[in-house]
Amino acid sequence: MMRLPRFQYFGPRDLKEAAQILSDWGPQASVVAGGTDLFPNMKRRQQTPTRVIGLRAIAALHGVSGDAKTGLTLGAMTSLTRIENHGAIALAWPALATAANLISTPPLRNMGTIGGNLCLDTRCNYYDQNYEWRKGIDFCLKKDGDTCWVAPGSKRCWAVASSDTAPVLCAIGAEVSLVSKDGERRIPVYQLFNDDGIEYLTKRADEILTAVHLPAQDGRTRAVYWKLRRRGSFDFPVLGVAAAVRLGAHDVVEQATLVITGTGSRPFSAQAAAAKLVGCKLTDENALREVAAEAAKLAKPLDNTDFVMGWRKEMARHYVVGALKGLAKA
Ligand SMILES: Cc1cc2nc3c(=O)[nH]c(=O)nc-3n(C[C@H](O)[C@H](O)[C@H](O)COP(=O)(O)OP(=O)(O)OC[C@H]3O[C@@H](n4cnc5c(N)ncnc54)[C@H](O)[C@@H]3O)c2cc1C
Ligand code: SF4
């Protein structure tokens, strides 16, 4: 049995106190939300904070406010189960409810939060192993070692972005609030991510993600999420495609966003491909195939997650076509 290492636990009751503790302890500290990612990582000694700051008792981080017309705000501690079943979210942005529903299993979704899902660690077959296994290969660049076993000549880590809600939130233009003891800032979710398996977030270590802001929905923007994984019951995405379009007169696409995840260290927006969709109808299969071929160029999977990488790359094209066709029915 893998056991947690010893650590000191803090349970602040407000955000100011949490931000102060995080700042005081610097890199020795980590916040914990549902713990479904952090605690397994601590058991495997991938993350080794000596101070853990629980966010559960901070009332300001819980709850969903607003409505579809003005935009919804989700507290960072909102559970994935709540998101999956929330009436107003399902009405405004059903793709987010779909993405939440596709994450892991019901007990983990009861514990797992939207804030934790956005800050989820990147994944790799050489990293998501217990301490002894990793020691057996002399560790790797991401933790305790100096070689990347996926690309030994590489100076960077290629671990894979694996959050299911991140691509949807990027595609619909959602934003997050980040709070530190020095104040608050608000950035688009897309800007939260970095193309690096180790430094995968642009969020500073002393910042707490406090809320996710969903844009207002006037009924003209549709979004979908398609996820590829080995087991339909639970598994991380080895490919995720989120697509969003805004439709104008005669259902012609006015604006489009395509975001691909699971094939690199961050979710990538396929901007050139999405631009080709503008002016087309979602029923134009030739256009959809052309867009998908362009978007799939962004998917550059390496041999560090499930399935053969060439097949995963090929599936990107099919999943983009599927997602775009899905938009016509969304
Ligand atoms: C078996 C299994 C299957 C899984 N399958 C999937 C899957 O298919 N798709 C998927 O997306 N995820 C999956 N997960 C990962 C995880 O369950 C979810 O991503 C979950 O949403 C993480 O949320 P949490 O609240 O438990 O995060 P935690 O474990 O509490 O935290 C995760 C990370 O985020 C940081 N963090 C958490 N909240 C905040 C905050 N408010 N501000 C700043 N930093 C914060 C923590 O410090 C930590 O580094 C799986 C996990 C397991 C164990
Ligand atoms: S991509 Fe390389 S450095 Fe990153 S976790 Fe995998 S083996 Fe380690």
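**Close-up 1. Here are the residues around ligand 1 in this predicted model.** The shell holds 33 residues, and those that come nearest are Val-31, Thr-36, Leu-38, Thr-113 and Asp-164. Sorted by type, the shell splits into 15 nonpolar, 13 polar and 5 charged residues.

**Close-up 2. Polar contacts pick out atoms on both ligand 1 and the protein.** Asp-164 turns up again here: an N or O atom in the Asp-164 side chain sits 2.7 Å from a nitrogen atom of ligand 1. On the oxygen side, a polar side-chain atom of Lys-227 is 2.9 Å from an oxygen atom of ligand 1. Ala-33 joins in through its backbone, with an N or O atom 2.8 Å from an oxygen atom of ligand 1. Taken on its own, ligand 1 has 970 Å² of accessible area, and the protein covers 92% of that. As for who builds the shell, strand S2 (29-32), helix H7 (114-118) and strand S8 (208-213) are the elements that give two or more residues each.

**Close-up 3. Now for the second largest pocket, with a volume of about 330 Å³.** Its lining counts 22 residues, and Ala-171, Ile-172, Gly-173, Gln-255 and Thr-257 are the closest to the pocket's centre. Helix H9 (165-172), strand S10 (239-247) and strand S11 (253-261) are the elements that put two or more residues into this lining.

**Close-up 4. Two domains each supply residues to the lining of the second largest pocket.** Domain 2 (61-119 + 160-213) and domain 3 (221-329) each bring at least three residues to the lining. By type, the lining comes out as 15 nonpolar, 6 polar and 1 charged.

Methods: Residues are numbered from 1 along each chain as its sequence is written. Chains are lettered from A and ligands numbered from 1 in the order in which they are written. This is a predicted model: local features need pLDDT of at least 70, side-chain atom pairs count only at pLDDT 80 or more; totals for chains, interfaces and linings use all residues. Side-chain values use heavy atoms; hydrogens and water are left out. A residue is near a molecule or strand if one of its heavy atoms lies within 4 Å of it. A polar contact is a pair of N or O atoms within 3.5 Å; within protein, one must be able to donate a hydrogen and the other to accept it, and residues adjacent in sequence count only if both atoms are side-chain atoms. Accessible areas come from the Shrake-Rupley method with a 1.4 Å probe; for residues, only the protein chains shown count as cover. Helices (H or I, at least four residues) and strands (E, at least two) are DSSP runs, numbered from the N terminus. Ala, Val, Leu, Ile, Met, Phe, Trp, Tyr, Cys and Pro count as nonpolar, Asp, Glu, Lys and Arg as charged, and the others, Gly among them, as polar. On a 1 Å grid over the protein atoms alone, a cavity is a set of points where a 1.4 Å probe fits but cannot get out, and a pocket is an open set with protein on both sides within 12 Å along at least five of seven lines; lining residues have an atom within 4 Å of a point. Grid points are joined across faces, edges and corners, and a volume is the space filled by probe spheres set on the points. Domain bounds come from an automatic or database domain assignment.
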